[in-house]
Amino acid sequence: MRDRSNTSPLALITGASSGIGAEIAREFAARGYDLILAARRIERLERLAAELRHTHSTSASVVAADLSAAGAARELWAMLGQGAREVDVLVNNAGVGLAGNLADIDAESVARMMRLNMELLTSLTRLALPGMLQRRRGGILNVASLAGFQPAGPGMAVYYATKAYVLSLTRALAFELRGTGVTAPALRPGPTRTEFDAVGGAAGTRLFRWLPLMEPRAVAAAGVRGLLTGRTVVVPGWFNKLLAIGGELAPRSLATALNGALLRK
Ligand SMILES: NC(=O)c1ccc[n+]([C@@H]2O[C@H](COP(=O)([O-])OP(=O)(O)OC[C@H]3O[C@@H](n4cnc5c(N)ncnc54)[C@H](OP(=O)(O)O)[C@@H]3O)[C@@H](O)[C@H]2O)c1
């Protein structure tokens, strides 16, 4: 196996053990990136790392951590520092949803989702930026959602709000980074065939039954292409583009009611 560990760019991907994150890892490996794959399920991460080493002769290492824990970003970053490699690309992909009315869902699960979807993403971005700005190159791909375009998502209220946060943050960040050589697009997938709906209790909602689901591979390919070509917004798939426009143009009360209906089982 060829050792490219000192010459290849390095991508750190959170939530790489399944779905969109695993496919993003495959996309970067195919482009010659070395990888650090982070999530909780170590055996999944190790299997993927072995596959990428075998298929692309890439150097892939894994970090098993609960990234929804307080201070997880700092701990992960400190761990990377010990490897003394610069992170060229950060993919903030780890995220969960939680279906149900706010009054009915477990309070600690809500707090964990908010830390994972917002705090981790923000803190890792903040930690990655100084090095990237100093080197005048780098990319941060924030996985938001079409949900972030919507005024509100009754039945998944906090999840929709976390993605609106990611979208707002990333829009502003892309503006702040103009001319620095560092890019930060937001990837905004619509419903995608991953473990997301089952994990968050959204399987069986009309959203996942009625709307066409995209394959994670196509979503990942669009995201990585968008990042590497300097885009600031990536909405994969024509149907999702229509939904995005609809979400922005429709009266807020109508879009809120429609989302409420779609998020019912
Ligand atoms: N699927 C969709 O319909 C859809 C639509 C729009 C946006 N998105 C967004 O896409 C991103 C990826 O989701 P996906 O669809 O690929 O779902 P997925 O298959 O469930 O993948 C989620 C990833 O996040 C990781 N993760 C979850 N909780 C974690 C924790 N506490 N600590 C560390 N890692 C954790 C999971 O790994 P472990 O369980 O091994 O920790 C997994 O690798 C998310 O940000 C999601 O909001 C998904």
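These legends walk through a few views of the predicted model, from the whole fold to single residues.

**View 1. The whole protein, with its 10 helices and 8 strands.** The radius of gyration comes out at 18 Å, close to the 18 Å that the globule rule gives for 265 residues, so the protein is as compact as a globular protein of that length. Along its principal axes, the C-alpha trace spans about 55 × 40 × 30 Å. Buried residues account for 47% of the 265 residues. If you look at contacts with a separation of 6 or more, 71% of them pair residues 24 or more positions apart.

**View 2. The surroundings of the ligand, a shell of 29 residues.** The closest residues here are G15, G19, R40, R41 and G95. Two elements, helix 1 and helix 6 (196-199), each give two or more residues to this shell. Helix 1 provides the largest share, with 3 residues. Sorted by class, the shell has 13 nonpolar, 11 polar and 5 charged residues.

**View 3. Helix 8, residues 216-228, and what packs over it.** At 1.5 Å a residue, its 13 residues should span 18 Å, and the end C-alpha atoms are indeed 18 Å apart, so the two agree. Plenty to look at on the buried side: P216, V219, A220, A222, G223, V224, G226 and L227 are buried. The cover over these buried residues includes helix 1 (19-30) along with strand 5 (138-143), strand 6 (182-183), strand 7 (186-187) and strand 8 (233-234). Just past the end of helix 8, G230 takes a positive phi of about 80 degrees.

**View 4. S57, a residue other than glycine with a positive phi.** Most residues other than glycine have a negative phi. For S57, though, phi is near 50 degrees. You'll find S57 in the loop between helix 2 (42-56) and strand 3 (60-64). Is S57 buried or exposed? Somewhere in between: S57 has 14 C-beta neighbours inside 10 Å, so it counts as partly exposed.

**View 5. R136, in the loop between helix 4 (107-135) and strand 5.** Here is another positive phi in a residue other than glycine, with R136 near 60 degrees. R136 has 10 other C-beta atoms within 10 Å, and the cut-off for exposed is 12 or fewer, so R136 is exposed. Strand 5, on one side of this loop, also appears in View 3 as part of the cover over the buried residues of helix 8.

Definitions and conventions:
Residues are numbered from 1 along each chain as its sequence is written. This is a predicted model: local features need pLDDT of at least 70, side-chain atom pairs count only at pLDDT 80 or more; totals for chains, interfaces and linings use all residues. Helices (H or I, at least four residues) and strands (E, at least two) are DSSP runs, numbered from the N terminus. The radius of gyration is taken over C-alpha atoms; the globule rule is 2.2 Å times the number of residues to the power 0.38. A residue is buried if 20 or more other C-beta atoms lie within 10 Å of its own, exposed if 12 or fewer, and partly exposed in between; C-beta atoms are placed from the backbone. Two residues are in contact if their C-beta atoms, placed from the backbone, lie within 7 Å. The expected span of a helix is 1.5 Å times one less than its number of residues. A residue is near a molecule or strand if its C-beta atom, placed from the backbone, lies within 6 Å of it. Ala, Val, Leu, Ile, Met, Phe, Trp, Tyr, Cys and Pro count as nonpolar, Asp, Glu, Lys and Arg as charged, and the others, Gly among them, as polar.
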